[in-house]
Every structure is written in structure tokens, then in C-alpha cells.
Amino acid sequence: MQNDKTTPELTRGEEEIMQIIWQLGDAVVNEIIERMEEPRPKYTTVATFLKILENKGFLTHTAEGKSHRYHPTVDRESYARGVMSSMLTSYFDGSLAQLVSFFSRHEKISVDEQSEILEIIRNAKKSQS
């Protein structure tokens, strides 16, 4: 999935609901509400978000009694890849080096995390050869 005109980015509220659905695999409105932090939104608010997500192509539903069970049509990793690609282009001129430099200046990266990042880079280089 690319985050372009065909796949819009999610608002904060939409993303919160999608995160829950991605964790559960599928869900009905009440299952989503149970997973949300206090103060929990009203049933109608969550149902409205679900309809928007369905219209945007992120969800589909099946009937379950008087309710609907919602299923993701976009997986979490694909969406994350699109968001990160968009962020990389918009804020770091498409440069992973600029992104890493930004985080190394503005976030406390532990020695263990630095080692892990270097190992990831080494493994990526090996797989490209």
C-alpha cells in the first residue's frame, strides 16, 4: 500500500480504532469501546468512525446479529510503510540518513539500541549483496 491519493492517511481517532482492530483481528463496536481509554467514546461515535474507515477502504464488515463485525482490509505494516514513506519524503527529503540523524539528536538512543540499529544495517547490506 502506498499512502497516496488512493489510500488516505488516518486521523488520530481513526488510527486509534484501527490499532485496536489490528490487535484483535476483527471486532464489533462494543469490543472496540472496551479497549479504549477513559473517557470512552459513545457507541454512536465509534460507529461513525467505523463507517468512515469503511468508506476510506480500511475496513469491511459482516453482519453479526443486529451488529456488524469489522475486518481490516489494510494490514498494519502496509499502512505504517506508507506513513513512514510519506514522512520520509515530507520531512527528510527522502533521506534515511537525515531521519536517523534527526532521531539521534532529539531522542535518547541507548547503547543497546545503537548496536541493534547497526546490526540491522549490517544485515541489510548482506542481503543486498
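# Chatting through a predicted model

User: Is Phe 103 buried, exposed or partly exposed?
Analyst: Phe 103 counts as partly exposed, because its relative accessibility is 35%, and partly exposed means anything between the 20% and 50% cut-offs. Keep in mind that this is a predicted model.

User: Okay, and what about Phe 102, how accessible is that one?
Analyst: Phe 102 has a relative accessible area of 30%, so it's partly exposed too.

User: Let's talk rings. How many aromatic pairs are there?
Analyst: The count comes to 4 aromatic pairs. One of them is Phe 58 with Tyr 79, an edge-to-face pair with 5.6 Å from centre to centre and 75° between the planes.

User: Why does that pair tie together separate parts?
Analyst: Look at where the two rings sit. Phe 58 is in the loop between H3 and strand S1 (59–64), while Tyr 79 is in helix H4, so the pair connects parts 21 residues apart in sequence.

User: Are Phe 58 and Tyr 79 buried or exposed?
Analyst: Both Phe 58 and Tyr 79 are buried.

User: Back to Phe 102 and Phe 103, then. What kind of pair do their rings make?
Analyst: An edge-to-face one, because the planes are at 90°; the ring centres of Phe 102 and Phe 103 are 5.3 Å apart.

User: Which residues do ring pairs link into a cluster?
Analyst: Trp 22, Phe 58 and Tyr 79. So you've met two of those already: the Phe 58 and Tyr 79 rings pair edge-to-face.

User: Switching to the inside. Which residues touch the most other members of the largest nonpolar core?
Analyst: That core has 19 residues, and the ones touching the most other members are Ile 17, Ile 21, Ile 32, Val 46 and Leu 50. Helix H1 (12–24), helix H2 (29–35) and helix H3 (43–55) each supply at least two residues of this core. H1 gives the largest share, 5 residues.

User: Pick Ile 32. What does it touch?
Analyst: Leaving out residues up to four places away in sequence, Ile 32 touches Ile 17, Ile 20, Ile 21, Ala 27, Val 46 and Leu 50.

User: New topic, charges. How many salt bridges does the structure hold?
Analyst: There are 7 salt bridges. Side chains of opposite charge can pair when their charged atoms come close. Here, Asp 26 and Arg 69 meet in one at 2.7 Å, N to O. It links distant parts of the chain, with Asp 26 in the loop between H1 and H2 and Arg 69 in strand S2, 43 residues apart.

User: Is Arg 69 buried or exposed?
Analyst: Arg 69 counts as buried, because its relative accessibility is 14% and the cut-off for buried is under 20%. Its partner Asp 26 has 27%, so Asp 26 counts as partly exposed.

User: Which other side chain meets Arg 69 in a salt bridge?
Analyst: Glu 31, at 3.1 Å, N to O. Arg 69 lies in strand S2 and Glu 31 in helix H2, so this pair ties together parts 38 residues apart in sequence. Glu 31 counts as partly exposed, at 28% relative accessibility.

User: How about helix H4, which residues there are separated by about one helical turn?
Analyst: Glu 77 and Arg 81, because they're 4 residues apart in helix H4. They form a salt bridge whose closest N and O atoms are 3.7 Å apart. Glu 77 is exposed at 58% relative accessible area, whereas Arg 81 is partly exposed at 46%.

User: And which residues do shared partners join into a network?
Analyst: Salt bridges that share partners join Asp 26, Glu 31, Glu 64 and Arg 69 into one network.

User: What makes the nonpolar surface patch?
Analyst: Met 84, Met 87 and Tyr 91 make a patch of about 330 Å². Met 84 lies in helix H4 and is partly exposed, with 41% relative accessibility.

User: Last thing, the backbone. Is the peptide bond from Glu 38 to Pro 39 cis or trans?
Analyst: That bond is cis, with omega near -10°. You'll find Pro 39 in the loop between H2 and H3. For background, most residues other than glycine have a negative phi, and most peptide bonds are trans.

User: What's phi for Asp 93?
Analyst: Near 50°, a positive value in a residue other than glycine. Asp 93 is in the loop between helix H4 (76–92) and helix H5 (96–106), and it is exposed at 66% relative accessible area.

Note on methods. Residues are numbered from 1 along each chain as its sequence is written. This is a predicted model: local features need pLDDT of at least 70, side-chain atom pairs count only at pLDDT 80 or more; totals for chains, interfaces and linings use all residues. Side-chain values use heavy atoms; hydrogens and water are left out. A nonpolar core is a set of buried Ala, Val, Leu, Ile, Met, Phe, Trp, Tyr and Cys residues joined through side-chain atoms within 4.5 Å. Buried means under 20% relative accessible area, exposed over 50%, partly exposed in between (1.4 Å probe, protein chains only). Contact means heavy atoms within 4.5 Å. Patches are made of residues with over 30% relative accessible area and no salt bridge: like charges are joined within 9 Å, nonpolar side chains (Val, Leu, Ile, Met, Phe, Trp, Tyr) within 5 Å. Accessible areas come from the Shrake-Rupley method with a 1.4 Å probe; for residues, only the protein chains shown count as cover. A salt bridge is a side-chain nitrogen of Lys or Arg within 4 Å of a carboxyl oxygen of Asp or Glu. Rings of Phe, Tyr and Trp (its six-membered ring) pair if their centres lie within 6.5 Å; planes under 30 degrees apart count as stacked, over 60 as edge-to-face and the rest as tilted.
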